[in-house]
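Welcome! Have the sequence and the 3D view at hand, and work through the exercises below one step at a time.

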Amino acid sequence: MTSGKLKKISNINDEFDAKLFLYIAKKNILFLVVFFGLAMAGSFIYIRYTPPIYQTSAILQIGSEDKARTILMTKSYFDDDIAEQVELMRSQVFLERALKRLPLEISYFSKGRFLNFELYRNTPFKVNAKVKCPSIYGVPIYVNFIDDKRVIISYSTDGENYKEYEIPVGQISSFPEMELSVIILNHKAIDEQQRLFSKNSSFFVINNPGNIVADYSDNLKINVLSSAAKTIQITYEGKNAQKAADIVNSISEEFGIYEIEKKTESANKMLSFIDSQLDMVFQKLSESEIELENFKRTHQIDEIIPSPLPSIQNRINDIESQIIKLDIEESIYREIEKNLKEEEQTDIYKLVAILSGSEFQENISRMLTALQELLLEREKLLYEVTPGSRQILSLDHQIDIQKRLILESISVLKSNITSKREELKSKINQYEQHIIDQRGEYSHTELSRLQRIHSINERFYNQLLEKKAEHSIAIAGFVSQSVILERAHAPSRPVLPKPRNVYLSSILAAFFLGTGIILLRYLFYNEISSLRDIVKYTNAPVLGLIPKYKKEIPPSLFLVSKKPKSLIAESLRSIRSNLQFIDNKPGSKLIVVTSTISGEGKTFFAMNLAGILAFSNKKVIVIDLDMRKPKIHQSFDVKNKKGISTILSGIDKAGECIQSSKVKNLDFITAGPIPPNPSELILNQNMKDLIAWLKKEYDFIIIDTPPVGVVTDGMNCLLMADYPVYLFKANHSKRIFIQNLNRLIFDNKISRMSLVLNAVAYESFNYSSGQVYSYVSHSKMGYKYGYYEEIDYEPNIMRKAFDNIKEALNIFKK
């Protein structure tokens with residue numbers, strides 16, 4: 001037999017075997033059952049002990065109508081940018097104002113069998129509290145009513161030492177941490193609650209006012225529903241359905257009021273700025289008018305004298321108008337600069353309103369918008385992190401940079417305005433000097449100058465009055481068009497947990513986990529499950545298969561004597577017939593049975609094969625050579641006082657140790673007492689002499705050797721054997737054991753080595769489906785080779801099948 005190219009034995013299953021997968025799945029089905037049980041139990045516990053979460057939402061359409069612009073065609077000073085409105089609604093300032101409308105300072109709770117429930121507006125009692133020490137915030141304060149006039153208050157600020165106080169109902173009582181009074185609202189509800197839970201059935205918690213916005217904003221979502229329709233959806237999730245609805249409705253209602261107030265405040269600040277400019281311009285106008293009158297009185301001028309050079313005078317008037325505009329620009333930039341430097345909370349809306357009409361409005365407005373975005377981002381981030389966090393410090397740095405950028409831009413613009421003003425004034429002086437040179441009429445030129453200054457101040461004053469009128473009309477004409485399209489309602493069912501989703505996800509998780517374990521066990525399943533797992537990795541001939549017995553049997557049970565017509569007995573008869581194809585020479589035959597490790601059925605096979613051979617009128621002897629773990633004496637129910645160990649030691653003669661069994665023609669030699677040196681005994685000449693003597697007396701000598709994968713005691717016997725047999729056990733022997741078989745064949749030159757697969761499952765053995773396996777040997781050009789093939793079989797014509805095998809044997813002999 002040549003080695004050929006044998007497939008490398010892999011540590012994992014690299015091919016899919018449906019039968020093996022089903023076998024492993026059946027073997028590990030308990031995992032799936034346990035996982036499903038745990039999934040159902042876990043889902044029930046989760047649903048039972050998880051507080052329900054309710055979700056509600058409202059839809060708000062934002063918008064405003066400027067009636068003044070519609071009627072008087074004035075400029076609009078209000079913007080309805082939906083993104084800005086959303087950020088405004090998310091801001092801490094607005095949420096704090098909206099949540100103040102609700103009774104959130106104190107939370108009331110009622111004990112249940114498994115969970116605590118928030119009562120909110122359905123509380124049977126009310127508490128008015130004034131906090132002295134912040135340590136009382138968030139501490140459960142239990143209320144136990146003695147009667148209608150007395151109540152016991154108990155709490156613990158450190159979680160261990162509880163303080164109890166008996167106080168009168170309806171009166172203010174003072175404690176180290178607070179002052180409070182308890183008022184009963186529903187006597188019946190209190191009695192019912194205390195009947196179910198004898199003590200501490202109700203409690204309340206005083207919430208920290210500084211943390212209320214942060215506590216509720218985590219579960220609040222404000223998103224743009226439609227930019228085109230300018231609709232916003234406000235959604236809140238909470239443990240109390242009515243509270244969730246009240247929070248959403250409060251935000252929706254408060255936004256309309258807050259929007260009007262915010263825009264009115266911005267417009268009022270603009271009016272305040274215009275008033276300050278009016279006072280300044282009015283002062284200049286009065287001074288110019290007084291100066292003009294004094295000049296007329298001094299020079300006795302009653303009527304306005306026409307300008308001597310009208311074209312030059314018009315140019316001077318235009319230049320003076322430009323100077324006035326520059327003065328307005330400069331005053332606007334000074335006001336923005338003042339707000340950025342002095343005010344900690346910069347009002348961007350106010351600055352944009354002040355900037356309205358400025359020549360450089362677009363550039364500065366873009367910078368102010370960028371600053372506003374940074375301020376809003378900082379405000380949102382404060383809900384999640386502390387003011388000293390790295391994110392806030394980074395944003396503060398960006399805000400400072402943006403402010404400096406705006407201030408530097410304003411400084412450059414102011415510098416440009418100053419330069420331009422000086423340039424314009426220089427031109428005026430040149431024109432005036434030109435007039436003096438032309439006419440020499442100083443008095444007339446001075447009169448013209450005074451008239452021009454008075455006219456410019458008057459025009460500037462009138463412009464400011466127009467701006468003030470426009471802003472006043474805009475304030476009066478602004479009407480908020482924010483409409484609540486859909487109000488929030490207290491939901492009747494929670495959104496979480498959803499029993500159907502919980503059970504479904506748990507079942508899927510259990511299924512995938514169980515299936516994953518089965519797949520992993522299949523992938524790393526390294527045991528021989530069928531004959532196909534063996535023939536893929538070795539060229540050794542297969543003598544036969546032994547089916548798995550229905551019940552657990554001891555390895556040394558002499559089964560063929562008790563059940564000679566069993567399926568196991570028939571498989572052993574098939575192996576007996578197949579032995580002739582390996583070596584059909586006349587004479588006594590030595591059969592040596594070995595395996596890789598203990599527990600593969602080596603002793604069971606040796607004994608029962610001996611019984612089958614003895615039934616065919618062959619004289620057979622079985623030798624227990626496994627002196628370390630002897631077993632054959634247990635099957636024949638004899639003592640193990642002497643045997644192969646005493647024979648090889650020279651203590652007893654072979655004839656004295658041979659014992660007869662109840663089966664005709666079947667003798668045996670037990671292992672004898674366990675010697676200290678079994679390997680040396682087997683390798684000495686006495687072993688060879690014993691086998692030679694036994695061959696003269698018996699037709700078959702069957703030796704049960706120790707497993708070669710553990711010790712090498714039986715190697716010498718395998719080399720002498722006529723029929724060396726290597727045994728594997730299905731679903732017990734590892735695939736790696738096949739390497740030991742190949743090593744014996746190719747390295748130790750045991751060319752006659754054949755194999756038997758023991759304990760094959762019925763579905764793999766498949767006798768009932770009409771299949772039996774037979775070893776077929778061929779000879780071609782002097783070279784013998786064999787293979788294991790499948791032939792038809794039916795239980796009721798079993799003998800006919802074996803007659804066909806004998807007939808094939810006779811043909812081979814001829």
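Which residues do ring pairs link into a cluster with Phe16? Before solving this, note that the model is predicted, that local features need pLDDT of at least 70 and side-chain atom pairs pLDDT 80 or more, while totals for chains, interfaces and linings use all residues. Residues are numbered from 1 along each chain as its sequence is written, and side-chain values use heavy atoms, with hydrogens and water left out.

**Exercise 1. Find the ring cluster.**

Solution. Start with the rule: rings of Phe, Tyr and Trp (its six-membered ring) pair if their centres lie within 6.5 Å, with planes under 30 degrees apart called stacked, over 60 edge-to-face and the rest tilted. A search of the whole structure gives 17 aromatic pairs. Ring pairs join Phe16 with Phe21 and Tyr522 in a cluster.

**Exercise 2. Check the length of helix α14 and find what it packs against.**

Solution. Step one is the naming: helices (H or I, at least four residues) and strands (E, at least two) are DSSP runs, numbered from the N terminus. Step two is the expected span, which is 1.5 Å times one less than the number of residues. Helix α14 covers residues 499-523, 25 residues in all, so it should span 36 Å; its end C-alpha atoms lie 35 Å apart, which agrees.

Step three asks what is covered. Buried means under 20% relative accessible area, exposed over 50%, and partly exposed in between (1.4 Å probe, protein chains only). The buried residues of α14 are Val502, Ser506, Ala510, Gly514, Ile517, Ile518 and Tyr522. They pack against α1 (18-27) and α2 (29-49), where a contact means heavy atoms within 4.5 Å.

**Exercise 3. Compare two residues of α14, Ser506 and Asn501.**

Solution. Take Ser506 to begin with: its relative accessibility is 17%, so it counts as buried. Beyond its neighbours within four places in sequence, Ser506 touches Ala39 and Ser43. Now turn to Asn501, which is partly exposed because its relative accessible area is 44%. Asn501 and Ser43 are 458 residues apart in sequence, yet their C-alpha atoms are 9.7 Å apart in space.

**Exercise 4. Describe the largest cavity.**

Solution. On a 1 Å grid over the protein atoms alone, a cavity is a set of points where a 1.4 Å probe fits but cannot get out, and lining residues have an atom within 4 Å of a point. Grid points are joined across faces, edges and corners, and a volume is the space filled by probe spheres set on the points. The structure has 4 cavities of 30 Å³ or more, and the largest has a volume of about 90 Å³. Its lining residues include Asn13, Asp14, Leu20, Arg532 and Arg735. Tyr522 also lines this cavity, and we met Tyr522 in the ring cluster.

**Exercise 5. How many residues of helix α25 are buried?**

Solution. Helix α25 (residues 738-746) is mostly covered, with 7 of its 9 residues buried. They are Ile738, Asn740, Leu741, Asn742, Leu744, Ile745 and Phe746. These residues pack against α15 (531-535), α24 (715-720), β22 (723-729) and β23 (754-760).

**Exercise 6. Step back to the whole chain.**

Solution. Count the elements: the protein chain has 27 helices and 25 strands. Then look at burial: 48% of its 814 residues are buried. Finally, among contacts with a separation of 6 or more, 76% join residues 24 or more positions apart.

Terms used: On a 1 Å grid over the protein atoms alone, a cavity is a set of points where a 1.4 Å probe fits but cannot get out, and a pocket is an open set with protein on both sides within 12 Å along at least five of seven lines; lining residues have an atom within 4 Å of a point.
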